[in-house]
Amino acid sequence: MTIMTRPAEARTLVNAPELAPVSIAKPDLITVEEAKTMDVARMTDLFKAHINPGQLHFMKLLGFHKVKVERAEGMYYFDQDGRKILDFFGGFGSLAFGHNHPRLLEARKRFQDEKRHEIAIAFMSQYATALAHNLAQVSPGDLDMVFLGSTGSEAMEAAVKLAERAAGPKRPKIVYAENSFHGKTKGVLSITDGALYRGEFRLVDGNVRVPFGDIQAIENAFRSDPAIGSIVLETVQGGGGIVQADGMFWLKLRALCDKYNVIWVADEVQCGYGRTGRFYAFEHYGVVPDITALAKSLGGGKAAVGAMIAKRDIYMKAYGTPKTAMIHAAATFGGIGEASITAIEALNVLYDENLIENAASTGDYLLKRLKAIQAKYPSIVKDVRGKGFMVGLEFHDFSQTLPMVLRPVVALLDDKLKGSLSGFVGALLLRDYDVLVAFTEYNRNVIRLEPPLICQPEHVDVFCDALDALLGRGIVAIVKDFVKSQVK
Ligand SMILES: Cc1ncc(COP(=O)(O)O)c(C=O)c1O
C-alpha cells in the first residue's frame with residue numbers, strides 16, 4: 001500500500017489567515033534561586049498578595065510569620081538565623097520519616113537520574129502496580145484493591161463513591177460522626193462536621209450525624225433508615241482533638257455493619273500508617289473495615305500520595321466490569337512515577353527501621369511524661385490522651401478563671417485564641433524553646449502532638465522539659481507575656 005504524504009507546507013491550515021510571527025515576552029518571573037533566597041518581608045508581601053491575606057493574621061498571632069525555613073532534616077527545621085526547631089507538629093501526621101529521610105532522597109534521585117517516566121495512564125505503570133501490591137500486603141484481610149491519588153480528600157472521595165455504588169442506588173445515605181474531619185473537597189465536606197469548613201456551602205443532604213463512639217445511636221440509625229448504605233469514621237479523631245472510642249465499640253460496629261449490610265469506611269488518613277503503634281489504628285481492635293484510606297505520611301513527607309484500599313468483593317461490585325471500570329479510574333496524577341517510588345521506598349523504610357514499634361514504645365514514654373506534667377500542673381492540664389505518636393494535650397478552659405484585670409486584654413485578641421491556652425503555649429514554645437506544636441480547630445484547648453515516627457526518647461525529653469518549664473511560669477505570666485508580644 002502506498003501512503004500518500006502531503007508536503008509540509010500543505011499540512012498547515014488550509015485557508016488560514018496570514019499571521020504575523022508572534023513574539024512573547026517573558027513575564028516577570030521569579031527564578032528558583034531567587035525563591036530560595038527571598039527574605040521574610042518579601043515572602044510576607046507575596047503571601048498577602050497571592051495566597052491568603054487573612055491567614056497571615058493567625059500566623060502573626062502565633063509568631064509563625066517570622067520564621068523562614070532554610071532547611072529541614074530529621075526531627076528539625078532550621079530557620080534563616082540557624083535556629084533549630086524541634087518538630088512535634090509533624091505536618092498533622094505527614095512526616096513519619098521526619099524531614100528528608102536519606103533513603104527517600106536517594107530513591108528519588110536515582111529515579112530522576114535514570115529518566116524514568118511519570119504519568120501512569122496510557123500504559124500500566126510498574127511503580128503504581130508495585131505500590132498497590134505493597135499496600136495490599138500491609139493491609140489485613142481482603143483489603144486488596146487500591147485506588148491511588150494525591151491527597152487524603154481525594155482518597156476519601158474515592159471511598160465514599162465506592163461505598164455508594166457498592167451499596168446500591170437505593171442506599172446512598174452515609175452515617176458520620178460529630179466533630180469528624182474527612183477533607184474539604186465538595187463531596188466529603190458533607191461528612192466533615194465543622195461549621196468553619198462547611199462555610200454555608202450547599203451539601204449533600206440526607207446524611208446522618210451521630211455522636212462519635214455511640215454504638216446505640218448508630219444502631220438506631222441503621223434500624224430506622226434503610227436508605228443508609230455506609231458509615232464513615234476516623235478510627236481516632238484527629239481534628240476533633242485526638243478522640244478515641246472505647247475498645248469494644250469497633251467490634252460492635254463490625255457486627256452491626258454485617259447485620260444491616262452497611263459498608264464501613266475507616267478514615268486512617270491521619271491515624272494510620274503506624275502512627276498509633278499499629279499500621280492501621282483499627283488493628284488495635286482486631287477488626288477489618290470494608291474500605292479504608294491513607295494519605296499524609298504515605299508519600300514519605302516528600303510526595304503527595306493518597307490511597308483508598310477496599311475489599312475486593314466491594315470493589316468488584318462497583319467497578320468490576322469493563323462497562324463500570326472507568327467510572328472512577330485514576331486521575332491524571334494517580335500513581336505518578338516518582339511519587340509512587342517514594343511511597344514504595346517509604347513503606348520499606350517503615351518496616352526496616354521498626355518505626356511502628358518505635359511509635360508504640362516511644363509514644364508510651366511521651367504519654368507517661370505528659371501524665372507526670374499533668375499531675376504537676378492539675379489546674380492547667382485537664383487531660384492527656386492518645387496512642388503512640390497521636391497524642392492530645394488538653395488544657396482547662398481558663399477564660400473564666402483568669403484574673404479580672406487580664407480578661408479585657410485577652411478579649412482584645414482574636415476570637416480564635418480567647419479562652420484557649422493552647423495558642424499562648426504554642427506561641428511561647430516556639431519563641432522561647434524552639435519547639436513546634438499543632439492546634440485543633442474543633443477544640444481550641446487541645447494541642448495535638450504528632451511527631452515523626454523516628455522520634456526518640458531524647459526528643460521527648462527536650463519537648464517535655466520545655467513544656468514543664470513553660471507551664472512552671474504559671475498561666476498569668478504566660479498570658480501576660482503573650483499579650484506583651486502582641487502589642488510590641
Ligand atoms: C482524618 C482525615 N481525613 C482526611 C483528610 C484530608 O486530607 P488532605 O488534607 O490530604 O486532603 C485529613 C487531613 O487532615 C484528615 O485528617
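How many nonpolar, polar and charged residues does the shell around the ligand have? The views below start there, and keep in mind that this is a predicted model.

**View 1. What sits around the ligand.** By class, the shell is made up of five nonpolar, eight polar and two charged residues. That's 15 residues around the ligand, and the closest are Thr151, Gly152, Ser153, Val269 and Gln270. Helix 7, covering residues 152-167, gives the largest share of the shell, with three residues.

**View 2. The open sheet of seven strands.** Read across the sheet, the strand order is 4-12-11-10-7-5-6, and the pairing is mixed. At the edges you'll find strand 4 (143-149) and strand 6 (208-210), each pairing on one side only. On average, neighbouring strands here are turned by 20° against each other, direction ignored.

**View 3. Strands 10 and 11 up close.** Strand 10 (residues 263-267) and strand 11 (residues 291-294) run parallel and are joined by three bridges. Look for Asp267: its bridge partner in strand 11 is Ala293.

**View 4. A helix lying across the strands.** Helix 11 (residues 312-319) lies across strand 4, strand 10, strand 11 and strand 12. Against strand 12 (306-311), helix 11 runs at about 100°.

**View 5. Helix 13 meets helix 16.** The axes of helix 13 (residues 355-376) and helix 16 (residues 457-471) come within 10 Å and cross at roughly 15°. That angle is why helix 13 counts as roughly parallel to helix 16. Their crossing is right-handed. In the contact, helix 13 brings residues including Tyr365, Leu366 and Ile373, while those from helix 16 include Val460, Cys464 and Leu467. By class, this contact has nine nonpolar, one polar and two charged residues.

Terms used
Residues are numbered from 1 along each chain as its sequence is written. This is a predicted model: local features need pLDDT of at least 70, side-chain atom pairs count only at pLDDT 80 or more; totals for chains, interfaces and linings use all residues. Two strands pair if DSSP finds at least two bridges between them. Helices (H or I, at least four residues) and strands (E, at least two) are DSSP runs, numbered from the N terminus. Axes are lines fitted to C-alpha atoms, for helices over the stretch in contact, and angles run from 0 to 180 degrees between N-to-C directions. Two residues are in contact if their C-beta atoms, placed from the backbone, lie within 7 Å. A residue is near a molecule or strand if its C-beta atom, placed from the backbone, lies within 6 Å of it. Ala, Val, Leu, Ile, Met, Phe, Trp, Tyr, Cys and Pro count as nonpolar, Asp, Glu, Lys and Arg as charged, and the others, Gly among them, as polar. Angles under 35 degrees count as roughly parallel, over 145 as roughly antiparallel, 65 to 115 as roughly perpendicular and the rest as oblique. A crossing is left-handed if the near helix is turned anticlockwise from the far one by less than a right angle, and right-handed if clockwise.
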